[in-house]
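User: I'd like to learn how to read enclosed spaces and buried residues in a model. Could you walk me through this one?

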Amino acid sequence: MKNKKNILIALAILMVGLMLGWLLKPSGKTTSDHQTIASSDDQIWTCSMHPQIRQNEPGSCPICGMDLIPLETNGDGGDPSIYQMSENAMKLANIQTMVVGRGEASREMRLNGKVQVDERASYSQSTHIPGRIEQLAINFTGEKVNRGQTLATVYSPELVTAQEELLQAAAIKASQPELFEAAKTKLRNWKIGDAQIEQILSGGKAIQRFSIRADVNGIVTKKMVDLGDYVERGMPIYEISDLTQVWVLFDLYEGQVAWVKEGSKVEFTINSFPGETFEGTISFVDPLLDSQTRVATARVELNNKDGRLKPGMFASGLVKNVLEGGQAQELIIPKSAVLWTGKRSIVYVKTDVSGKAGFRLREITLGPSLGDSYIVQEGLEAGEEIVSNGAFTVDAAVQLSGGKSMMNPEDGKTSTGHDHGQMQQEALIKVDVNDKVKNVLNKLVDNYLRLKEALVKDDYSQARKDAQAFEKSIGAVDGFNKEAKIVWESYEKELKADAGIISGAAKIETMRERFDELSTTMIGLVKTFDITNGSLYVQHCPMADNDKGADWLSRSKEIQNPYYGASMLRCGEVTETLNQ
């Protein structure tokens with residue numbers, strides 16, 4: 001009975017409410033109110049961080065908790081594949097455009113190399129006398145020697161015996177002159193000169209010790225014997241090199257070979273002489289690629305009469321050259337205009353729509369990289385206007401409007417995957433954080449660099465400790481505002497996953513496989529939060545990840561490869577400098 005009574009009361013209240021609503025409704029505005037309600041029903045709400053979310057009413061994002069915002073339409077009233085932006089919006093977003101044109105397909109490439117000894121001027125000084133080293137006149141590498149200079153003194157029992165045979169033959173030379181000449185010839189074969197032979201004959205006794213003299217002028221670059229060593233005839237005892245002419249050998253990776261040829265001009269610097277620039281011409285390009293490092297060499301010959309250049313010095317060169325076989329002018333666009341998604345490369349082409357700027361997505365086919373630009377093989381024509389700066393901003397706006405975009409090439413269904421490495425790194429958003437947060441993030445970068453150094457040194461035990469320290473430092477990152485925290489959490493999830501796998505890896509090869517993904521995330525992190533504690537260099541090894549290539553961060557320009565360690569320590573190049 002009680003439940004029945006409650007139901008009757010509720011029905012009565014509902015009827016009274018309906019009657020009051022009918023009596024109090026404003027007259028003459030039925031159509032207007034109906035239109036307003038319809039407009040509200042048609043409004044779609046979305047999340048600025050997760051544009052795949054679509055709701056018919058306001059609320060919170062089910063993924064990140066942010067307030068939903070109204071989904072704006074592009075207002076073109078025409079072609080849905082064109083997204084319009086006002087001039088004011090373009091200025092606020094710093095969107096810049098350029099007219100596509102043709103130019104010479106030339107490329108500036110940075111090459112790393114070393115000063116080396118000119119192989120043609122390297123001489124192996126050997127001993128012509130077998131025996132024991134009694135004295136060394138040249139005791140260390142780097143000493144300068146002149147032709148004819150005494151290098152060492154040798155005691156040779158065999159030579160003593162040969163001298164005694166000479167003296168015995170001299171006593172009977174009147175009756176057996178042939179035997180006397182044969183004894184002298186035997187000594188000459190040991191490079192004993194006629195003057196020394198006469199000295200032996202006039203003295204009437206054998207010389208116990210003989211000198212080994214330098215055959216050439218130069219610098220001792222290698223010492224191969226020590227005092228007291230026994231040497232055989234023909235054994236090398238020193239390596240002597242003429243350093244008045246040296247080579248600078250630059251490493252060429254497979255992707256660079258087509259751009260460098262004999263006769264190319266090179267400007268380069270030597271780390272030992274900061275601020276000084278050297279010039280040279282490539283005289284020889286190695287026709288063979290090293291099967292292990294996949295690197296060829298380009299040789300520059302230099303005059304070094306002043307002796308300033310020392311073998312082993314590091315050199316950084318810049319060569320500008322035209323693509324081999326390229327004669328016609330090529331269609332060239334800057335790298336900042338291109339967005340990548342998997343195998344696809346896209347740009348946004350600007351069109352005029354009723355006096356306003358409209359942008360349409362266009363898939364293109366890229367040719368060789370020219371450093372900061374690309375050759376376009378298909379998809380664009382000279383004279384078309386494209387977005388050269390801010391393409392990612394345009395694409396983000398298109399995604400929010402539900403249009404055809406980088407991640408929605410067909411029907412606007414946004415990909416929910418999160419992959420920092422899949423998008424162009426230059427297109428990552430920038431997030432401002434306070435100095436306290438930056439200091440914590442800098443410590444995270446320092447721990448990453450320690451892990452990288454351990455991989456460079458092939459030190460599995462240390463790498464595991466550094467990975468654990470890096471994993472621990474991730475949890476110490478805090479202090480973000482609401483918006484920045486959402487961005488950080490997307491990085492945090494990936495960093496923890498990568499660090500966990502690396503710290504738990506049973507062998508260093510597994511660590512290196514995962515270090516590729518960790519490095520991609522860290523590069524994105526540094527760019528997103530603008531971490532500025534000194535310069536960082538993005539370095540690239542084309543052979544890592546099964547020849548797909550992989551990047552890493554470094555404080556130094558010098559290449560030290562964490563993916564191969566000592567086996568290919570110098571494999572790589574600097575592709576970008578961050579926070580100069």
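User: How many cavities of 30 Å³ or more does the structure hold?

Analyst: Happy to help! This is a predicted model. A cavity is a space where a 1.4 Å probe fits but cannot get out. Here the structure holds one cavity of 30 Å³ or more, and the space in the largest cavity is about 30 Å³.

User: Which residues line the largest cavity?

Analyst: The lining is made up of Arg110, Leu111, Asn112, Asp251, Tyr253, Gln256, Gly572 and Glu573. Two elements each give two or more residues to it: strand S6 (106-117) and strand S15 (245-253). S6 provides the largest share, with three residues.

User: What is the make-up of that lining by class?

Analyst: Sorted by class, the lining of the largest cavity counts three charged, three polar and two nonpolar residues.

User: Now for a single residue. Is Ile508 buried or exposed?

Analyst: The idea is to compare relative accessible area with a cut-off: under 20% means buried. Ile508 counts as buried because its relative accessibility is 11%. You will find Ile508 in helix H11, which covers residues 508-528.

User: Which residues is Ile508 in contact with, leaving aside its neighbours within four places in sequence?

Analyst: With those neighbours set aside, Ile508 is in contact with Leu455, Asp458, Asp459 and Tyr460. It also helps to set sequence distance beside distance in space: Ile508 and Ala463 are 45 residues apart along the chain, while their C-alpha atoms are 8.1 Å apart.

Methods. Residues numbered from 1 in each chain as written. Predicted model: local features only at pLDDT ≥ 70, side-chain atom pairs only at ≥ 80, totals over all residues. Heavy atoms only, no water. 1 Å grid on protein atoms, 1.4 Å probe; cavity = no way out; pocket = protein on both sides within 12 Å on 5 of 7 lines; lining within 4 Å. Points joined across faces, edges and corners; volume = space filled by probe spheres on them. Helix = DSSP H or I, 4+ residues; strand = E, 2+ residues; numbered from the N terminus. Nonpolar A, V, L, I, M, F, W, Y, C, P; charged D, E, K, R; others polar. Buried < 20%, exposed > 50% of the residue type's maximum accessible area, 1.4 Å probe, protein only. Contact = heavy atoms within 4.5 Å.
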